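Trainee: Could you walk me through a few local features of this one? I'd like to start with a polar side chain.
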Amino acid sequence: MLANPGGGDMQPGEIKSLILHGGKWPKSVPINRSVPVPRVEGDQLRVTWIGHATTLVQTQGLNILIDPVWAHFNSPFQIRIRPRPRAPGVRIEDLPKIDLVVISHTHIDHLDMEALKYVYDRDRPMIVGGLGIDRLLRKNAMAGIGGDWGQTVPVRPGIDVVINRAHHWSGRWLNDHNLVLWAGYTFKLPGGNIYYAGDTGPGDWSWVNEASRVGPIRLAILPIGPTHVRSRQPESHITAPQAEAVWERLGMPYALGVHWGTIEMTDSEINASPAMLHTSIAERKMPSDRFRTIEAGDHWDVGPMLQPARR
């Protein structure tokens, strides 16, 4: 049994399903590549899904980049292991000036060091991550802020980032497991909070309650996969049905499903996670306009703060 500290245990069947996957993913899928606007002012909120967890959030004149990854291969050496069939929906050179970058953890599908260095050298954004990220960034000629769960990092007057608990683990190599703390984030904004869960498994679900206590959420950015066919779901990720349950516990704010259809981490179909999510929402007669998935490169102009819904 392989131990993923902080993220539960990975069973032999899960390891096999990740290595000997069903081979169902196509080599490429069409995307809607776009060029984001330079800024979005005031309480307007625009979110653009770039691919996997990489997301651009624009509001209050602030450009926030989440988990930057533009690498074509999910490998630290960029060798031809499972190239991504869903290309980035925004070319990195087409990004607007980035003011803030948050890093949920150091796994290579969430932190592309070359992409981050490009953005850092071009824009000098604030970079926020879990404890230890500052040391890792210094080794790569960058500066950042590493914080603990529950810590608040001021960004601008009236705008803060709260580092939230997640149930996961971190590491880029064989010898650096959990040297950087994994996390989710709440962006406290005048127009309503935005919550990004990061990579997380269910654990004891305390991370959902802690995120709720930060304040009402306008938009939740939630992972909805991977979904495994041949083994139970690893403890370090939540499935689409679990993401739906999290959404309900958060009061059913607007929500965007991410972490699907980009990097082959599963033996199910490439679009299985969003299909499962939307089928469940429709069958349960939930408000389908609130929890959405969009194609890489597409943006969503999110509406104003909703009244929390309870079921």
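Mentor: Let's begin with the backbone oxygen of Val 69, which lies 3.5 Å from a polar atom of the Arg 84 side chain. This is a predicted model, in which local features need pLDDT of at least 70 and side-chain atom pairs count only at pLDDT 80 or more, while totals for chains, interfaces and linings use all residues. Residues are numbered from 1 along each chain as its sequence is written, and side-chain values use heavy atoms, leaving out hydrogens and water.

Trainee: Is Arg 84 buried or exposed, and which side chain of opposite charge is nearest?

Mentor: Arg 84 is buried (under 20% relative accessible area, 1.4 Å probe, protein chains only) yet has no salt bridge, that is, no side-chain nitrogen of Lys or Arg within 4 Å of a carboxyl oxygen of Asp or Glu. The nearest side chain of opposite charge, that of Asp 112, is 6.5 Å away.

Trainee: Where does Arg 84 sit in the chain?

Mentor: Arg 84 is in the loop that links β5 (62-66) and β6 (100-102), strands being DSSP runs of E with at least two residues and helices runs of H or I with at least four, numbered from the N terminus.

Trainee: And what does β6 pair with in the parallel sense?

Mentor: β6 pairs that way with β7 (residues 126-130) over three bridges, where pairing requires that DSSP finds at least two bridges between the strands. Val 102 has Val 128 of β7 as its bridge partner.

Trainee: Switching to α4, which residues are buried there?

Mentor: In helix α4 (residues 206-214), they are Ser 206, Trp 207, Val 208 and Ala 211. Gly 215, with a positive phi near 145 degrees, follows α4.

Definitions and conventions: Buried < 20%, exposed > 50% of the residue type's maximum accessible area, 1.4 Å probe, protein only. Lys, Arg positive; Asp, Glu negative; His and termini not counted. Polar contact = N/O pair within 3.5 Å; in protein donor to acceptor, adjacent residues only side chain to side chain.
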